[in-house]
Amino acid sequence: MAGSLGGSRRRHYWALLGVVVVIIFLVTHSASITSSDSQKPVNSKTHWEVPPTLEKLKQWERDLPQHNLDLPFPEGKTGRYVKFSNQVKRLGWNNAFNEILMNTHLAYESKRAYVFQQYVWKEDHYSWPKSVFRNHEFPPHTPLNAIISGPSAGGPWDVGDNAPRSISEQWFDIVCPKKERRIINTREVKPIIGWADGIDIFNHWKKILLEAPERCIEIEPEHYKKDFYPQTFDLWLWGSTRVRSLWPIFSQSPTSRLLEPSPIVRSAVERNAYLFNPHGPRPEHPVSRDPHDRMLAIHARRGDFKEACLHLAKWNSTFYSWNLLEELPDAFPPPPGGEEGNNTPENIEKYLQHCLPPFEDIVAKVRDSRYEYLQKSKSGHKVLDVLFLLTNAKGEWLDQLKVTLKEDGWHTIVTSRDLELDQEQTEVNMSVDMEIARRAAVFVGNGVRYASFSTIA
């Protein structure tokens with residue numbers, strides 16, 4: 001994937017996270033965590049009885065240096081801020097993640113500080129039951145800095161960049177009391193731009209935020225009965241080719257370049273790094289010692305995912321977000337013959353082949369992906385001998401898949417269930433899976449395949 005998608009892994013960390021979900025993914029991955037022999041599971045998702053308090057992290061967020069009224073412009077009591085209260089809530093992390101990043105970039109280009117918020121879970125995706133939710137909050141919330149690091153979560157911009165740093169929503173209430181805010185309801189803006197191209201939507205909002213004289217702006221959503229997706233960059237945009245025009249400006253933006261996994265996620269990856277040490281025969285030629293350079297990661301969700309796939313098929317959905325980029329090797333134009341809300345049985349079967357592929361197709365996809373990757377290796381000194389299965393599958397189906405893949409030459413196979421995570425790491429297990437996949441040489445999503453963003457040599 002050399003060319004426009006090339007570049008360092010650090011620089012393009014965000015990109016894989018946006019691609020892990022291949023089509024409009026309304027549910028997020030909740031990995032099941034393997035318990036130690038001395039502990040017995042209390043629910044199907046984790047052996048930890050209660051979620052972590054995360055109080056130290058919350059205090060760290062409260063103590064961010066930009067939370068200071070005495071700082072000079074463009075921060076402090078004279079700074080300019082924008083809070084997107086219309087951000088999506090109670091949907092999968094990837095839906096929220098795309099929006100968080102694009103809103104951050106819009107705030108940056110508008111010379112305002114982005115106001116970051118906690119991630120609000122859809123409760124049945126959370127790793128703990130309602131009876132033990134943290135502080136009895138409903139739905140459960142997770143501090144953004146537990147999941148990601150970087151400017152979107154209050155981290156610094158580039159050295160020499162005087163852009164205002166992002167602030168927490170709690171600090172927004174202090175630096176921008178309600179009486180000093182200008183409220184912009186999305187009904188005042190979205191009907192004007194309608195189904196415009198992504199870059200045109202971005203520039204329209206940018207003009208409004210740049211030219212507004214008010215220090216403090218809060219974007220509020222239209223009532224859901226009038227606009228079910230009232231986000232600034234809504235699902236109709238992310239699920240259409242109109243989003244492609246945003247790629248050039250966003251992929252090179254500091255919001256993208258400076259994005260990193262959170263320390264909690266990094267610690268989980270390091271804690272489980274030994275699992276990926278190659279167990280097969282020594283390669284015949286010199287290869288990288290880094291297991292991630294030799295890894296193929298595949299997302300193979302089962303169980304409750306069938307319902308989501310059928311929903312996507314019903315509405316004739318497309319691929320999601322940057323998966324629609326023409327540079328990527330696989331594409332999925334919605335098959336003709338159906339209509340939104342009432343697709344044909346033949347079309348539904350085509351969707352399931354991509355979204356919930358059968359056992360044999362998964363094995364074949366892994367085999368073909370490895371072959372094509374090695375064929376495109378110019379030097380011939382590449383190897384793929386480590387396989388990571390991002391999956392919530394269990395039991396006989398998963399056991400048989402591992403046996404079949406091992407017979408196909410994969411000597412090192414690790415699944416989401418093999419990861420050992422502490423309480424805090426369990427809280428963000430979906431991002432742990434995604435970070436491991438982000439580091440892989442090749443990632444296979446639900447019907448979309450591409451090499452990672454390092455140049456194939």
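Biologist: Which side chain does E55 meet in a salt bridge?

Modeller: E55 meets K58, at 3.8 Å from N to O. A salt bridge here is a side-chain nitrogen of Lys or Arg within 4 Å of a carboxyl oxygen of Asp or Glu. This is a predicted model, where local features need pLDDT of at least 70 and side-chain atom pairs count only at pLDDT 80 or more, while totals for chains, interfaces and linings use all residues. Residues are numbered from 1 along each chain as its sequence is written, and side-chain values use heavy atoms, with hydrogens and water left out.

Biologist: Where do E55 and K58 lie?

Modeller: Both are in helix 2, residues 55-62, three residues apart, which is about one turn of the helix. Helices (H or I, at least four residues) and strands (E, at least two) are DSSP runs, numbered from the N terminus.

Biologist: Is K58 buried or exposed?

Modeller: K58 is buried, with a relative accessible area of 15%. E55 is partly exposed, at 37%. The cut-offs are under 20% relative accessible area for buried, over 50% for exposed, and partly exposed in between, using a 1.4 Å probe and protein chains only.

Biologist: How many salt bridges in the whole structure?

Modeller: The search finds 24. One of them joins R165 and E75, at 2.7 Å from N to O. That pair links distant parts of the chain, 90 residues apart: R165 is in the loop between strand 5 (148-149) and strand 6, and E75 is in the loop between helix 2 and strand 1. R165 counts as partly exposed at 22% relative accessibility, and E75 as buried at 10%.

Biologist: And what does D408 pair with?

Modeller: R367, at 3.0 Å from N to O. D408 sits in the loop between helix 14 (396-407) and strand 12 (412-415), and R367 sits in helix 13 (residues 359-375), so the salt bridge ties together parts 41 residues apart in sequence. Both are partly exposed, D408 with a relative accessible area of 22% and R367 with 40%. Elsewhere, E270, E435, R438 and R439 are joined into one network by salt bridges that share partners.

Biologist: How many residues of helix 16 are buried?

Modeller: In helix 16, residues 429-439, 11 of 11 are buried. Among them are E435, R438 and R439.

Biologist: Switching to the sheet. What is the strand order?

Modeller: It is an open sheet of five strands in the order 6-2-1-8-7, with parallel pairing. Strands count as paired if DSSP finds at least two bridges between them. Strand 6 and strand 7 (181-185) are at the edges with a single partner strand each, so one side of each has no neighbour in the sheet.

Biologist: Which strands does strand 2 pair with, and where are the contacts across?

Modeller: Strand 1 (residues 81-84) pairs with strand 2 in the parallel sense over two bridges, and V82 stands opposite Y114. Two bridges also join strand 2 to strand 6 (residues 167-168), again parallel, with V115 opposite I167.

Biologist: Which residues of strand 2 are buried on each face?

Modeller: In strand 2, residues 113-116, A113 and V115 are buried on one side and Y114 and F116 on the other. In a regular strand the side chains alternate between the two faces of the sheet.

Biologist: Which helix lies across strand 8?

Modeller: Helix 6 (residues 198-211) lies across strand 1, strand 7 and strand 8 (216-220), at about 145° to strand 8. Axes are lines fitted to C-alpha atoms, for helices over the stretch in contact, and angles run from 0 to 180 degrees between N-to-C directions. Contact means heavy atoms within 4.5 Å.

Biologist: What about the largest nonpolar core; which residues touch the most other members?

Modeller: W93, F233, L246, F276, W322, F388 and L419, out of 78 residues. Helix 3 gives the most to this core, with eight residues. A nonpolar core is a set of buried Ala, Val, Leu, Ile, Met, Phe, Trp, Tyr and Cys residues joined through side-chain atoms within 4.5 Å. Another core of 20 residues lies apart from it, with I298, L384, L405 and V442 among its members.

Biologist: How many helices and strands overall?

Modeller: The protein chain has 16 helices and 14 strands. Of its 457 residues, 57% count as buried.
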